[in-house]
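Welcome! Take a moment to turn the model around on your screen before reading on. The notes below will walk you through it topic by topic.

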Amino acid sequence: MGTILNENLIYEILSVVEEIPPGKVATYGQIARLIGREKNARLVGSVLKRSEYYGSYPCHRVVNHTGRLAPGFPEQKEHLLEEDVPFKSENQVDLKKAQWEI
């Protein structure tokens, strides 16, 4: 069974993303847990991929569970560097130093 993607769910995800402070990152799984959908990290990614249709959100602050940047989003690293987010390697954020703690 697939998850039905309705506007309430979309805005629930985006409202969590909106709370991530500058200089911090969250993971797709972390956002999924915060909205009570622990197994829906990919759903979070799908919503963020289309977020520009819903307004302006700091989606650049969301990375995968290892800190890797989103493929096909070349501006992500630039935005994170502007916020002084530390990196472990070329395309991997240092989650130990930068992960948003709630």
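How many helices and strands does the protein chain have? This is a predicted model, and in it the protein chain has five helices and four strands. Here is a short tour, beginning with the whole chain and then moving on to a few helices and residues.

**The whole chain**

- If you follow the sequence from start to end, the helices and strands come in the order α-β-α-α-β-α-β-β-α.
- The radius of gyration of the protein chain is 13 Å, close to the 13 Å that the globule rule gives for 102 residues, so the chain is as compact as a globular protein of that length.
- Measured out along its principal axes, the C-alpha trace would fill a span of about 35 × 25 × 25 Å.
- Of the 102 residues in the protein chain, 43% are buried.
- Take the contacts in the protein chain with a separation of 6 or more: 60% of them are between residues 24 or more positions apart.

**Surface and charge**

- The protein chain has an accessible surface of about 6,500 Å², and carbon and sulfur atoms account for 48% of that.
- There are 13 positive and 14 negative side chains in the protein chain, and 10 Å lies between the centres of the two sets.

**Helix H3 and its two sides**

- Which residues of helix H3 (residues 41–49) are buried? They are Leu-43, Val-44, Val-47 and Leu-48.
- Looking down the axis of H3, you would find these buried residues within an arc of 135°, so they line one face of the helix.
- A general rule helps here: an α-helix has 3.6 residues a turn, so residues three or four places apart point the same way.
- Arg-42 and Lys-49 are exposed, on the other side of H3.
- The partners that the buried residues of H3 pack against are helix H1 (7–19), helix H2 (28–34) and strand E2 (62–63).

**Helix H4 and the loop after it**

- In H4, the buried residues are Gln-76, Lys-77 and Leu-80.
- Seen down the axis of H4, they fall within an arc of 95°, so these residues line one face of the helix.
- The cover over the buried residues of H4 includes E2, E3 and strand E4 (92–93).
- Now look at the loop between helix H4 (75–82) and strand E3 (87–89), where you will find Asp-84.
- Asp-84 is not a glycine, yet it has a positive phi of about 60°.
- Is Asp-84 buried or exposed? With a relative accessible area of 66%, Asp-84 is exposed.

**Tyr-11 and Ser-51**

- Tyr-11 is part of helix H1, and its relative accessible area of 35% makes it partly exposed.
- Setting aside neighbours within four places in sequence, Tyr-11 is in contact with Tyr-54 and Tyr-57.
- From Tyr-11 to Pro-22 is 11 residues in sequence and 20 Å in space, C-alpha to C-alpha.
- Ser-51 sits in the loop between H3 and E2.
- Although Ser-51 is in a loop, it counts as buried, at 8% relative accessibility.
- Which residues does Ser-51 touch, not counting residues up to four places away in sequence? The answer is Leu-14, Tyr-57 and Cys-59.
- Tyr-57 is therefore worth finding on your screen, as a contact of Tyr-11 and of Ser-51.

Note on methods:
Residues numbered from 1 in each chain as written. Predicted model: local features only at pLDDT ≥ 70, side-chain atom pairs only at ≥ 80, totals over all residues. Heavy atoms only, no water. Helix = DSSP H or I, 4+ residues; strand = E, 2+ residues; numbered from the N terminus. Rg over C-alpha atoms; globule rule 2.2 N^0.38 Å. Buried < 20%, exposed > 50% of the residue type's maximum accessible area, 1.4 Å probe, protein only. Contact = heavy atoms within 4.5 Å. Areas by Shrake-Rupley, 256 points an atom, 1.4 Å probe, with all protein chains shown as cover. Lys, Arg positive; Asp, Glu negative; His and termini not counted. Charge placed at Lys NZ, Arg CZ, Asp CG, Glu CD. Arc of directions from axis to C-beta.
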